[in-house]
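Student: I would like a close look at how the helices pack against one another in this model, with the cavities and the unusual backbone geometry treated alongside.

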Amino acid sequence: MSRVTINDVARASGTSKKTVSRVLNNEPNVRDAVRERVHAAIAQLNYRPLTSARSLATDRSFMIGLLYDNLSPSYIMEVQAGVLEACEARQYSMMVQPLVSTAPDFVERVEGILSRHRPDGLILTPPITDHPKLLNHLRKNELPFASIAPRQPKNCIGVMLREREAAAAMVAHLASLGHRRIAHILGDPKHGAGIWRLAGYRDGLKRAGLKEIPAYLVEGRFSFESGVAAARQLLALKQRPTAIFAADDDMAVGAIWAAAEAGVAVPGEISICGFDDTNIATQVWPTLTTVHQPVREMGKRATEELLLRVLGKGEARMVEVGYEMRMRASTAPAP
């Protein structure tokens, strides 16, 4: 079978090639009835425009790049799904690039990626979203970008969540269950999330009238392995905590694993909770009490704001999304 072309769509819809192109690129000045006819013809013919042809006609690559340096596969998979959904709605492609933001040649590597692929814009995830040298380079070269959970949201577009408030609410929940010895597995200090969630943990303790115990603060790196190591350290204490709030779900699941290894019942002897509500939260047993951060929705919303700027279709901004508490089987009243 021969490939369906834009000329076939124009004939089927009774319009011109130029009109079809305008509809494909979501340009204004096309009547709704005409736009509907073109979309109907596209669906009937199963037309898929060639990205190379669109690029030549508009001087765009129709590609969005997603950059990440994050050890949590659950988080990144959710972000990718949201970015891809928003890209497909605008007939854009997505390029995903893992990076090491602490590498001395980090910005040079990003420059190479931009030179090879020429994306129309970038989605930045923590901690890349706060890399000052990269941000300066992108602004200097006028490449649009959207930030997910930046530490400094001023003058940025993208999406964020009140993480400090959410973390405090989780600690308040543990305190309401009678827990007085509440530990925290910290996130990566390079991430805004790690800083905000630690601050929220401290806020929650203060509101509950509880003192911070230095031994109950253990470093993590937003990874399952770091959660295992941190929980082993906490469980080895002479007076171990009765509850652990981990700064993300992967570390919380690592803590559940370490508790099982030590023969400590969850939640009978120790309650464990996390943050993000990625898929792993309901795939582990006991299912994980956590803060629901709409990670997929955040990826989608950040991309939508970026495309508003790229396409000039509206005023792009920093969007704030809400959180929810998800109470599951990994927490219970203090023993």
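Tutor: What follows takes the helix pairs in turn, then the cavities, then the backbone.

The model is a predicted one, and side-chain atom pairs are counted only at pLDDT 80 or more.

Helix H8, residues 163-176, and helix H9, residues 192-207, have axes that come within 7 Å and cross at roughly 40°. Angles under 35 degrees would count as roughly parallel, and H8 and H9 are therefore oblique to each other. The handedness of the crossing between H8 and H9 is right-handed. On the H8 side the contact is made by Glu163, Arg164, Ala167, Ala168 and Val171, while H9 contributes Ala193, Trp196, Arg197, Ala199, Gly200, Tyr201, Asp203, Gly204, Leu205 and Arg207. Sorted by class, the residues joining H8 to H9 are eight nonpolar, two polar and five charged.

Two of the H9 residues in that contact, Ala193 and Arg197, reappear when one turns to the internal voids. Searching the whole structure gives two cavities of 30 Å³ or more, and the volume of the largest cavity is about 110 Å³. Its lining consists of 13 residues, with Asn70, Tyr75, His191, Ala193 and Arg197 lying nearest the centre of the largest cavity. The lining of this largest cavity comprises five nonpolar, four polar and four charged residues.

A further pair is formed by helix H10, residues 224-235, and helix H11, residues 249-262, whose axes come within 7 Å and cross at roughly 50°. H10 and H11 are therefore oblique to each other as well, and H10 passes H11 in a right-handed crossing. From H10 the contact draws on Phe224, Ser226, Gly227, Val228, Ala231, Arg232 and Leu235, and from H11 on Asp250, Met251, Val253, Gly254, Ala255, Trp257, Ala258, Ala259, Glu261 and Ala262. The class division for the contact of H10 with H11 is 11 nonpolar, three polar and three charged residues.

Towards the start of the chain, helix H1, residues 6-13, packs against helix H3, residues 32-45, at an angle of about 120°, and their axes are 9 Å apart. That angle makes H1 oblique to H3, and the crossing of H1 and H3 is right-handed. Here Asp8, Val9, Ala12 and Ser13 of H1 meet Arg37, Val38, Ala41, Ile42 and Leu45 of H3. In the contact of H1 with H3 there are six nonpolar residues, one polar and two charged.

The backbone details that remain concern loops. Phe62, which is not a glycine, nevertheless has a positive phi of about 55°, and Phe62 belongs to the loop between helix H4 (51-58) and strand E1 (63-68). The peptide bond from Pro126 to Pro127 is cis, its omega being near 0°, and Pro127 sits in the loop between strand E3 (121-124) and helix H7 (132-140). Another cis peptide bond runs from Trp285 to Pro286, with omega near -5°, and Pro286 is placed in the loop between helix H12 (280-283) and strand E10 (289-292).

Note on methods:
Residues are numbered from 1 along each chain as its sequence is written. This is a predicted model: local features need pLDDT of at least 70, side-chain atom pairs count only at pLDDT 80 or more; totals for chains, interfaces and linings use all residues. Side-chain values use heavy atoms; hydrogens and water are left out. Axes are lines fitted to C-alpha atoms, for helices over the stretch in contact, and angles run from 0 to 180 degrees between N-to-C directions. Helices (H or I, at least four residues) and strands (E, at least two) are DSSP runs, numbered from the N terminus. Angles under 35 degrees count as roughly parallel, over 145 as roughly antiparallel, 65 to 115 as roughly perpendicular and the rest as oblique. A crossing is left-handed if the near helix is turned anticlockwise from the far one by less than a right angle, and right-handed if clockwise. Contact means heavy atoms within 4.5 Å. Ala, Val, Leu, Ile, Met, Phe, Trp, Tyr, Cys and Pro count as nonpolar, Asp, Glu, Lys and Arg as charged, and the others, Gly among them, as polar. On a 1 Å grid over the protein atoms alone, a cavity is a set of points where a 1.4 Å probe fits but cannot get out, and a pocket is an open set with protein on both sides within 12 Å along at least five of seven lines; lining residues have an atom within 4 Å of a point. Grid points are joined across faces, edges and corners, and a volume is the space filled by probe spheres set on the points.
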